[in-house]
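Student: I have a new model open and would like to walk through its ligand site. Could you help me read it?

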Amino acid sequence: MRMRFLAPVVLCAVVLASCGGGSSENKTEKKEEAASETPADNSMVTPGAAEAAASKGAALIEQKDCKTCHKVDVKLVGPAYKEVAQKYEATDANIEMLADKVISGGSGHWGEVAMTPHADLSKEDAKEMVKYVLSLK
Ligand code: HEC
């Protein structure tokens with residue numbers, strides 16, 4: 001009676017000992033694999049949001065006629081973007097005001113020469129451009 005009761009327990013113990021050892025090895029291997037994959041995943045989702053916004057403005061400026069009168073660090077017909085960035089802080093009010101200037105044109109702030117209006121620009125695009133300009137300190 002006692003033996004019949006014990007036998008399955010002993011068998012189970014033996015089976016568990018051999019299988020248990022094997023399976024725990026497998027587990028640690030899997031863990032290591034998972035750990036080495038995690039950093040790779042992270043690097044895919046960390047482009048700077050601010051950088052992306054600035055480059056959108058830069059791309060818009062590239063598409064327009066801005067570069068015939070402006071350069072980043074040299075005065076042409078209009079002031080260098082870096083001078084503009086030094087003159088104005090990147091506040092919401094300044095971005096609004098300068099975006100309106102880019103759309104409707106302006107003069108008198110940097111000399112007698114006027115900036116031509118860019119009536120086809122949307123306010124949103126003009127703001128992206130101004131944000132980019134003001135990021136060029
Ligand atoms: C025909 C030449 C010309 C073109 C094209 C031009 N600008 Fe200008 N820009 C000027 C001049 C001149 C000024 C200085 C105006 C002033 O004295 O108020 C100026 C001023 C600016 C300023 C500063 C405004 C201020 O009140 O201080 C910004 C910002 C600017 N331009 C952005 C742009 C962008 C963005 C574009 C393209 C969409 C562009 N400009 C296209 C000539 C130009």
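**The iron site**

Tutor: Happily! In this predicted model, the protein donors of the iron atom of the ligand are His70, through NE2, and Met115, through SD. They lie 1.9 to 2.0 Å from the iron.

Student: Which parts of the chain does this pair tie together, and how many residues apart are they in sequence?

Tutor: His70 sits in the loop between α2 (49-63) and α3 (81-87). Met115 belongs to the loop between α4 and α5 (123-134), so the two donors tie together parts whose separation in sequence is 45 residues.

Student: What is the arrangement of the six donor atoms around the iron atom of the ligand?

Tutor: Let's use the angles. Ideal values for six octahedral donors are 90 or 180 degrees. Here the six donor atoms subtend angles of 84 to 180°, which makes the arrangement octahedral.

Student: Which helix gives the most to the shell around the ligand?

Tutor: The shell has 26 residues, and Cys66, Cys69, His70, Tyr88 and Met115 come nearest to the ligand. By class, 14 are nonpolar, 10 polar and two charged. The helix that gives the most, with three residues, spans residues 92-104: α4.

Student: Of Gly108, His109 and Trp110, whose backbone atom lies 2.6 Å from an oxygen atom of the ligand?

Tutor: Take them in turn. For Gly108, a backbone N or O atom is 3.4 Å from a ligand oxygen, and for His109 a polar backbone atom is 3.1 Å from one. The 2.6 Å distance belongs to a backbone N or O atom of Trp110.

Conventions. Residues are numbered from 1 along each chain as its sequence is written. This is a predicted model: local features need pLDDT of at least 70, side-chain atom pairs count only at pLDDT 80 or more; totals for chains, interfaces and linings use all residues. Side-chain values use heavy atoms; hydrogens and water are left out. A residue is near a molecule or strand if one of its heavy atoms lies within 4 Å of it. A polar contact is a pair of N or O atoms within 3.5 Å; within protein, one must be able to donate a hydrogen and the other to accept it, and residues adjacent in sequence count only if both atoms are side-chain atoms. Helices (H or I, at least four residues) and strands (E, at least two) are DSSP runs, numbered from the N terminus. Ala, Val, Leu, Ile, Met, Phe, Trp, Tyr, Cys and Pro count as nonpolar, Asp, Glu, Lys and Arg as charged, and the others, Gly among them, as polar. Donors are N, O and S atoms within 2.8 Å of the metal (3.2 Å for Na, K and Ca); water is not among the atoms, so sites may look incomplete. Four donors count as tetrahedral if all angles lie between 85 and 135 degrees; four count as square planar and six as octahedral if opposite donors are over 155 degrees apart and all others between 65 and 115; anything else is irregular.
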